[in-house]
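Please open the model in your viewer and keep the selection tool at hand, since this tour goes from one selection to the next.

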Amino acid sequence: MGRVRAHNEDACFTCVGDDVSLGVVCDGMGGANAGEVASQLAIDSFAQTLLQALSAPSDGGECPPEEQLRYALERANQSVYCHGWEHPECRGMGTTLVAALIIGSSAYILNVGDSRAYALRACGIRQITQDHSLVGELLRAGRITPEQARNHPRKNIITRALGTERHVDGDLFVHRLQSGERLLLCSDGLTNELTDGEIFDLIQQGGPIEEGCQRLLNAALLRGAHDNVTAVLMDLRDDTER
């Protein structure tokens with residue numbers, strides 16, 4: 001959702017099971033409506049590939065979750081890249097992607113671009129992923145401050161995206177979840193409007209997980225929501241909500 005853009009270039013997917021849960025957020029980019037095509041293609045391919053791999057009968061040589069995630073990412077990248085070449089109006093389109101696969105108390109987190117994953121505990125909030133963006137690189141190099149990064153004129157420049165090249169590398173993190181901890185996946189439409197501290201305060205107000213997620217979206221809308229806003233909250237109670 002958002003207040004400015006005429007169409008939604010974000011897409012998200014959630015799947016909750018007894019032992020395994022999956023959340024994915026994509027934020028598309030490209031001319032005309034190509035951004036929303038890229039994000040939906042990526043979501044569909046990534047989720048389908050990963051869920052099929054997870055549900056396939058084991059032949060005794062079980063594939064680690066990290067490899068399954070990377071394979072799903074490569075399939076999704078091929079889907080977006082090939083569609084762009086086959087449809088000139090979509091040429092050069094791409095999308096960010098952040099995904100969290102929760103198996104037991106382990107969260108396997110994969111990202112490409114500047115959509116983020118956060119861990120939220122009672123003691124505070126921590127960004128797990130690193131932004132693949134020009135501003136992210138400047139920040140990590142110590143050339144700008146976090147305050148300068150929030151309002152940098154080139155903050156929309158992405159240095160890595162899914163679907164723009166024949167192959168893509170994603171960053172993968174393994175995070176051990178604690179009881180009561182929550183994971184937040186979101187597009188930059190949320191983090192452009194709210195600081196990390198504001199996100200933490202809104203989620204920590206309590207109530208069902210879906211209410212915390214709705215508070216984030218409402219707060220971003222009140223700030224103007226200059227971009228599409230998508231957020232997924234996940235925790236060990238196997239509740240997931242957009």
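Does aspartate 235 count as buried or exposed? Keep in mind while answering that the model is predicted. Select aspartate 235, which sits in strand β9; its relative accessibility is 4%, and it therefore counts as buried, the cut-off being under 20%. If you now show its surroundings and set aside the neighbours within four places in sequence, you will find aspartate 235 in contact with Ile102, Glu181, Arg182 and Ile209.

**Before β9: asparagine 228**

Next, select asparagine 228, in the loop that runs between α7 (209-222) and β9 (231-235). Asparagine 228 has a relative accessible area of 3% and is therefore buried. Draw a distance from its side chain to the main chain of glutamate 9, and you will see that a polar atom of the asparagine 228 side chain lies 2.8 Å from the backbone nitrogen of glutamate 9.

**Helix α1 and serine 39**

Glutamate 9 turns up again at the following stop, serine 39, whose contacts beyond four places in sequence are Glu9, Asp10, Ala11, Cys26, Gly28 and Thr95. Serine 39 belongs to helix α1 (residues 34-55), and its relative accessibility of 1% means that it counts as buried. Between the C-alpha atoms of serine 39 and glycine 28 there are 4.7 Å, although the two residues are eleven places apart along the chain. The side chain of serine 39 also reaches back to glutamate 36, whose backbone oxygen is 3.2 Å away.

Widen the selection to the whole of α1, in which 22 residues reach 32 Å from the first C-alpha to the last, close to the 32 Å expected at 1.5 Å a residue. Serine 39 is one of the buried residues of this helix, which also include Ala38, Ala42, Ile43, Phe46 and Leu50. To see what covers them, display β1 (10-16), β2, α2, β3 and β4, which are among the covering elements.

**Helix α2**

Helix α2 (residues 65-86) is the next selection, and how far apart are its end C-alpha atoms? They are 32 Å apart, which agrees with the span that its 22 residues should have at 1.5 Å a residue. Colour the buried residues of α2, among them Leu69, Ala72, Leu73, Ala76, Val80 and Tyr81, and note that Gln68, Glu74, Asn77 and His83 are buried as well. The cover over the buried residues of α2 includes α1, β3 (94-103), β4 (106-112) and β7 (171-176).

**The largest pocket**

Now show the surface and turn to the largest pocket, which holds about 730 Å³ of space. Its lining comprises 32 residues, and those nearest the centre, which make a convenient selection, are Arg116, Asp131, Lys155, Thr191 and Asn192. Several elements each supply at least two lining residues, namely β2 (20-29), β5 (116-121), α3 (134-140), α4 (146-150) and α5 (188-191). Coloured by class, the lining shows 13 charged, eleven polar and eight nonpolar residues.

**Last stop: asparagine 156**

Finally, select asparagine 156, in the loop between α4 and β7. Its relative accessible area is 61%, over the 50% cut-off, and asparagine 156 is therefore exposed. A C-alpha to C-alpha distance drawn from asparagine 156 to valine 135 comes to 8.3 Å, for two residues that are 21 apart in sequence.

Notes. Residues are numbered from 1 along each chain as its sequence is written. This is a predicted model: local features need pLDDT of at least 70, side-chain atom pairs count only at pLDDT 80 or more; totals for chains, interfaces and linings use all residues. Side-chain values use heavy atoms; hydrogens and water are left out. Helices (H or I, at least four residues) and strands (E, at least two) are DSSP runs, numbered from the N terminus. Buried means under 20% relative accessible area, exposed over 50%, partly exposed in between (1.4 Å probe, protein chains only). A polar contact is a pair of N or O atoms within 3.5 Å; within protein, one must be able to donate a hydrogen and the other to accept it, and residues adjacent in sequence count only if both atoms are side-chain atoms. On a 1 Å grid over the protein atoms alone, a cavity is a set of points where a 1.4 Å probe fits but cannot get out, and a pocket is an open set with protein on both sides within 12 Å along at least five of seven lines; lining residues have an atom within 4 Å of a point. Grid points are joined across faces, edges and corners, and a volume is the space filled by probe spheres set on the points. Ala, Val, Leu, Ile, Met, Phe, Trp, Tyr, Cys and Pro count as nonpolar, Asp, Glu, Lys and Arg as charged, and the others, Gly among them, as polar. Contact means heavy atoms within 4.5 Å. The expected span of a helix is 1.5 Å times one less than its number of residues.
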